[in-house]
Amino acid sequence: MEKHPVLFVTHRGERHQQAALAAAPEMFEVTMLRTPPRQQIIDLLPGKEFLISERSGVIDGAVITAGRDLRLIQRLGVQSHDIDLEAARRAGIPVCCWPVHTCIMVAELIVMQMIALARRLRESAHIAVDAGDWGKPPRECDEDYFAYNWSDRNDQRSIYHSTVGIVGFGEIGHELARRLSNFDCTLLYNKRGRLNEAVEKDLGVRYSGLDELLAASDFVCMLLPWFRETAKIVNAGFISKMKPGAFLVSCGGSGILDEQAVAEAVSARRLAGVATDTYVYEPISPDNPLLPLARQPEKYNVLLTPHIGAGDAAAQKDERVADYTNLVSLINGKELLHRLV
């Protein structure tokens with residue numbers, strides 16, 4: 001079988017790389033590089049038929065010129081601001097994006113976390129099934145009678161018109177911003193490299209320094225990956241800069257929360273609530289300080305989920321098969337999906 005050479009550039013770790021390699025159809029010979037210098041990409045591109053770029057990474061005119069044998073540039077994700085589309089068009093090289101299903105699922109979970117915290121969902125759901133004495137007998141409802149808020153829930157809040165700060169703005173941040181657009185929020189973001197003005201306008205987001213973002217946000221969404229410098233970055237000092245009564249939502253890398261500091265902030269009502277899907281120790285340690293709070297939904301607004309944000313197939317071969325869809329389609333003369341050029 002003829003092998004089609006592919007250069008696959010990613011910033012993701014070994015586990016994700018191996019899943020992507022295992023998913024590659026036999027017709028492809030894949031060279032995988034993690035965060036290579038630009039010159040290495042340029043040196044390796046001649047002779048390659050396909051360039052896969054995962055989530056981000058500059059693909060400028062020089063890279064496209066070096067890829068004179070390319071039949072397709074495939075970006076995994078929806079970010080195309082760092083690809084020179086005009087240079088690709090002049091070179092006659094198709095460019096496609098490919099929405100990442102797992103990132104979309106994480107963004108959906110974050111929206112769910114935000115709504116659940118704002119509406120104190122765990123408390124309300126717990127109270128609703130508690131066979132208590134509500135001070136009034138049940139009565140059949142009709143158009144003129146209903147016992148609105150019969151359990152006297154209070155402090156119900158909303159995402160609508162709130163300020164949402166997104167810390168760490170990669171692929172998941174992009175997907176989250178698009179999903180929050182219909183809530184008419186003010187969206188602030190913070191990342192190492194600011195996006196260009198056109199991308200900010202398209203997403204409806206505004207760049208902010210971290211301290212400014214923390215002070216202004218009703219919801220702080222943590223999407224930073226785990227690195228040594230981000231481990232337990234959400235500590236007492238970080239929380240002290242947050243708007244009093246704000247919500248903290250974390251779907252970033254495991255280990256970015258100082259869980260003791262977060263638990264103390266919730267207990268002291270410094271935070272109105274916290275939702276997290278990732279932890280310092282996984283599976284969650286029995287002595288995690290957030291667990292006792294989560295077991296008291298009538299008292300503390302804490303939502304813990306067991307690292308399910310990306311669904312049940314994250315970092316697995318089956319989830320990565322779609323990475324190669326357009327490559328196979330091109331070889332078989334079929335239409336390319338999500339085409340940009």
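In this predicted model, Arg55 is found in the loop that runs between β3 and α3, the latter helix covering residues 61-66. The backbone of Arg55 has a positive phi of about 75 degrees, although Arg55 is not a glycine. With a relative accessible area of 11%, Arg55 is buried, because buried residues are those under 20%. A second residue other than glycine with a positive phi is Lys232, for which the angle is near 50 degrees. Lys232 lies in the loop between β9 and α10, a helix formed by residues 236-240, and its relative accessible area of 43% places it in the partly exposed class. Most residues other than glycine have a negative phi, and most peptide bonds are trans. With regard to the peptide bonds, the one from Glu282 to Pro283 is cis, with omega near -5 degrees, and Pro283 has its place in the loop between β11 (271-276) and α12 (291-294).

Strand β3, which precedes the loop of Arg55, is itself preceded by a loop that contains Glu49, situated between α2 (38-44) and β3 (50-54). Glu49 is buried, its relative accessible area being 13%. When neighbours within four places in sequence are left aside, the residues in contact with Glu49 are Glu2, His4 and Pro5, together with Asp69, Leu70, Arg71 and Leu72. One of these contact partners, Pro5, belongs to strand β1, which comprises residues 4-10. Pro5 likewise counts as buried, at 17% relative accessibility. Apart from neighbours within four places in sequence, Pro5 is in contact with Glu29, Gly47, Lys48, Glu49 and Phe50. Of these, Gly47 stands 42 residues from Pro5 along the chain, while the C-alpha atoms of the two residues are separated by 7.5 Å.

Helix α7, formed by residues 171-180, is mostly covered, with eight of its 10 residues buried. The buried residues are Glu171, Ile172, Gly173, His174, Glu175, Leu176 and Ala177, together with Leu180. These buried residues pack against both helices and strands, namely α5 (101-118) and α8 (197-203) on the one hand, and β6 (163-167), β7 (186-190), β8 (205-207) and β9 (219-222) on the other. Strand β9, which takes part in this packing, also borders the loop that holds Lys232.

As to enclosed space, the structure holds one cavity of 30 Å³ or more. The largest cavity has a volume of about 30 Å³, and its lining is made up of Arg120, Arg122 and Glu123 together with Pro297, Tyr300, Asn301 and Val302.

For the chain as a whole, the secondary structure comes to 14 helices and 12 strands, and the C-alpha trace spans about 75 × 50 × 40 Å along its principal axes. Of the 341 residues, 49% count as buried, and the accessible surface comes to about 17,100 Å², of which 52% belongs to carbon and sulfur atoms. Among contacts between residues at least 6 apart in sequence, 69% join residues that are at least 24 apart. The chain carries 38 positive and 44 negative charges, and the mean positions of these two sets are 4 Å apart.

Note on methods. Residues numbered from 1 in each chain as written. Predicted model: local features only at pLDDT ≥ 70, side-chain atom pairs only at ≥ 80, totals over all residues. Heavy atoms only, no water. Helix = DSSP H or I, 4+ residues; strand = E, 2+ residues; numbered from the N terminus. Buried < 20%, exposed > 50% of the residue type's maximum accessible area, 1.4 Å probe, protein only. Contact = heavy atoms within 4.5 Å. Areas by Shrake-Rupley, 256 points an atom, 1.4 Å probe, with all protein chains shown as cover. Lys, Arg positive; Asp, Glu negative; His and termini not counted. Charge placed at Lys NZ, Arg CZ, Asp CG, Glu CD. 1 Å grid on protein atoms, 1.4 Å probe; cavity = no way out; pocket = protein on both sides within 12 Å on 5 of 7 lines; lining within 4 Å. Points joined across faces, edges and corners; volume = space filled by probe spheres on them.
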